[in-house]
Structures are given as C-alpha cells and as structure tokens.
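Trainee: I am new to this structure and would like to go through it with you. Could we begin with a term that I will need for the aromatic rings?

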Amino acid sequence: MGGKSPIPSFHFTTSETDAPFDAWQSLVEILFESLPSKKTFEPSTFQADLLAYHFGTFLLCRSIADGGRYRRTTARLAWDDLDHIIVSCIQRGRVAWSTPAFRRLRPGDVAVLDLSTPVAFAFEAVEAVHLIVPRAALPASVAPVQPIHGRVLSQNTAMGVFIGKVVEALSTAARHFGPSEVIAVGTSIPDLLASCLGPSDVFTSTGPKENRGRRLRRYIEENLHRKDLTTSRLTRELGISRSQLFRQFQTTGVEAYIRRRRLRRSLLSLCDPRYADRRIGDIAYNMGFADESHFSRTFRQAYGLSPRAARAAARQANSSAAEGTLRPFSGGTFSDWVVELRAG
C-alpha cells in the first residue's frame, strides 16, 4: 500500500506467488467470477499486475494480465449489491464479450460496463486502464436506475479517442498529484465522464425488488438538498416499508448514510475552484444542513478540520490539511475500496 505520492494507492502483482492465478482470482472476485483459459496460459505461470489509485469519488486502475474468462451472472447479482460503472480503456491485447452481446474489442476502444447487469468476457494478454465509478456519482441519464447495456466507444470515434487520452493522462499523472489536486480531479472527472458518455439506452426494468437499492441511492443523491429527506419521506416517495428501507442500509444506517453523502458532497464543493466564492453557509444549506454551526461541528468530526480550513487547504498544492481529507481511503484492501465507493 501507499508510496511517496499523497494519493492512496494499492499495488498487486503475481510475481513470486506460488499460485498466481488463485491470487489474482481472489483479488478480482469482488468484481467478477474468474476462470483460467488453458488455451493461452497455465494457471501456474499466469502473470498479472494491478495498480489502483483512490480519488475519493472513483478508483483509477491500470491492469496487465495474461488472460482468463470473467463474468457476473444473474445468480451473482441476486446477492451482490455492487452498484458501479466501469469505464475500461484497452491499451493492448484482445478482448471478446459474450454477454450482453458478442463483440470484439480492439486496442483504443473504450468499454462501459454496468456491474448491476450480467456480463461475460474473455481476454488475452491485455493491458488496460479503468475508472470504477459509483452509479450515484453519475447523472441518471448516464447511469440510470435500470441496468445499462454494455457500451463501446470505438477507437475511431471522437469521444472514444478523447476519453482514452484523458484516462491515460490521468494514469500517468496520478503519482505526481498533490493532495488538493487529487480532490479537484475527484470532483471533476465524474462530471467529465457524464458529458462525454451522454444519455444511455437502458434495459426494461427487471422490477422494483431488484432495483430497490439503486432507486434508493439515486433518490437520496438527487435530494440531498432537502431538509426533509427523512425515513418517512423515503418510504412514502418510493413506496417501500420501513423494514425494507432499513434492510438496504443495515450496515451504515439510513441517517448515517445520508449524513455521509451530504458531508462528502460538501467537501467536494468546498474544494472545487468553481465554488471558491460561495459562502460556506450556503454550501451547508444547499446540502440540507439546518444551520452552519451544526454543519461545521459535523464536518470537523468527519474530516478532522473545519470547513474553512478544508477550503484553504484546497488552495495549497501540498497542504497537509488537504492530505488529511484523503485519510479515510489510505487503508484497507482493494475489495474494501470498491465497496466503500458505494457508501460514499
């Protein structure tokens, strides 16, 4: 873990591992079920490497792997509550989707996967850069409640080229960012992705039960500004019972989840140069806090510094105070990182 860069990083390699494919399988099982492909390699000689950076609102990962077969099945989705979009920029190698529809991907193509829908693919000797973004960080037009089909932006399209270059540049620059720059990038990249990807076609809804968690998180994200965003409002507006609501947030609790999302969005606004002149009180009110003093106390408890100090830190490229806002992501496993993106 870690390194000299202030941005939290995670590095995995199969080098000097007795069972390399098993180790790789354990790493990626948070995302996909995986099987070796005997046509291209033996599990005992398998090689793979993953370097991940945590930008707060998304993960940036560069992976190199010999190959294999990967999938998310309907049975897996029945118990897996991951709610992320993966944008993968293929650098080299061969990739073939079999689900949702057969398609071959070439170097330079950009693939968009929704982890809430079945997917199956295989690849050989692939290097790629990926952005893993929680659905709630993207507008509903790009990441709707209903699962989206696998999308591909071809290497010969303007947006395919643009997204590929941006993600590659982000990967190259990641280790050189200062703390406040990490916060600024974490704020802007989801918005940039949304602008580039545009509205998406969707599946026909599979029913309220399967989409309940996504509907709840989307509704909360779009209504954080409402002071009356309560359990009563959620049950009334979404037509669910209190027990159904609490089951969706049994780990964090409903009120704690809402408070964390409000605080995180407030932090991003405070550190965003576009809002440098906005009053701290206005940011607090816009995120549903009743008064500025309560917001300041809650913010300090969460991040260890006041809202004013966080804003000042964002203006200093190498501020230790800005680095402090990244501490919640400096530990844990890759699986922990993926899961905590959902919780914000």
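Mentor: Certainly. A charge sits over a ring if NZ of Lys or CZ of Arg is within 6 Å of the ring centre and within 35 degrees of the ring normal. In this model, which is predicted, the charged end of Arg-278 sits over the ring of Tyr-275.

Trainee: How far is the charged end of Arg-278 from the centre of that ring?

Mentor: The distance is 4.4 Å.

Trainee: Let us step back. How many helices and strands does the protein have?

Mentor: There are 13 helices and 9 strands. The protein has 344 residues, and 52% of them are buried. Of the contacts with a separation of 6 or more, 75% are between residues 24 or more positions apart.

Trainee: Back to the rings, then. How many aromatic pairs are there?

Mentor: The structure holds 15 aromatic pairs. In one of them, Phe-55 and Phe-177, the ring centres are 6.0 Å apart and the planes stand at 80 degrees, so the pair is edge-to-face.

Trainee: Where do Phe-55 and Phe-177 lie?

Mentor: Phe-55 is in the loop between strand 3 (48-54) and strand 4 (59-72), and Phe-177 is in the loop between helix 3 (158-173) and helix 4 (179-197), so the pair ties together parts that are 122 residues apart in sequence. Both Phe-55 and Phe-177 are buried.

Trainee: And how are the rings of Phe-121 and Phe-123 arranged?

Mentor: Their centres are 6.4 Å apart and their planes are at 20 degrees; this pair is therefore stacked, the cut-off being planes under 30 degrees apart. Phe-121 is buried, with a relative accessible area of 11%, and Phe-123 is buried at 12%.

Trainee: Which residues form an aromatic cluster?

Mentor: Phe-12, Phe-21, Trp-24 and Phe-46 form one. Trp-24 also appears in the largest nonpolar core, where Trp-24, Leu-31, Phe-32 and Phe-334 are the residues with the most contacts inside the core.

Trainee: How many residues does that largest core have, and which elements supply them?

Mentor: The core has 37 residues. Strand 1 (9-13), helix 1 (20-28), strand 3, strand 4, strand 5 (84-99), strand 7, strand 8 (119-134) and helix 13 (334-343) each supply at least two of them. The largest share, 6 residues, comes from strand 8.

Trainee: What does Phe-32 touch?

Mentor: Leaving aside neighbours within four places in sequence, Phe-32 is in contact with Tyr-70, Arg-71, Arg-72, Arg-76, Ile-86, Leu-113, Leu-115, Val-119 and Phe-121. Apart from the largest core lies another core, of 30 residues, including Ile-183, Ile-283, Leu-305 and Ala-310.

Trainee: Ala-310 is in helix 11, I believe. Which residues of that helix are buried?

Mentor: In helix 11 (residues 307-314), the buried residues are Pro-307, Ala-310, Arg-311, Ala-313 and Ala-314. Seen down the helix axis, they fall within an arc of 160 degrees, so they line one face of helix 11.

Trainee: A change of topic: is Asp-109 buried or exposed?

Mentor: Asp-109 is buried, at 2% relative accessibility. Its place is the loop between strand 6 (103-105) and strand 7 (110-114).

Trainee: What surrounds Asp-109 there?

Mentor: Beyond neighbours within four places in sequence, its contacts are Ser-88, Cys-89, Ile-90, Arg-104, Val-152, Leu-153, Ser-154 and Gln-155. A polar atom of the Asp-109 side chain lies 2.8 Å from the backbone nitrogen of Gln-155. Ile-90 is 19 residues away along the chain, and the C-alpha atoms of Asp-109 and Ile-90 are separated by 5.7 Å.

Trainee: What about Glu-127?

Mentor: Glu-127 is found in strand 8 and counts as buried at 17% relative accessibility. Among its contacts are Arg-62, Ser-63, Ile-64, Cys-89 and Ile-90.

Trainee: Finally, what is notable about the phi of Glu-16?

Mentor: Most residues other than glycine have a negative phi. Glu-16 is not a glycine, yet its phi is positive, about 60 degrees. Glu-16 lies in the loop between strand 1 and helix 1 and is exposed, at 86% relative accessibility. Ala-125 likewise has a positive phi, of about 45 degrees; its place is in strand 8, and Ala-125 is partly exposed at 38%.

Definitions and conventions
Residues numbered from 1 in each chain as written. Predicted model: local features only at pLDDT ≥ 70, side-chain atom pairs only at ≥ 80, totals over all residues. Heavy atoms only, no water. Phe/Tyr/Trp six-rings, centres within 6.5 Å; stacked < 30°, edge-to-face > 60°. Helix = DSSP H or I, 4+ residues; strand = E, 2+ residues; numbered from the N terminus. Buried < 20%, exposed > 50% of the residue type's maximum accessible area, 1.4 Å probe, protein only. Contact = heavy atoms within 4.5 Å. Polar contact = N/O pair within 3.5 Å; in protein donor to acceptor, adjacent residues only side chain to side chain. Core = buried A, V, L, I, M, F, W, Y, C linked by side-chain atoms within 4.5 Å. Arc of directions from axis to C-beta.
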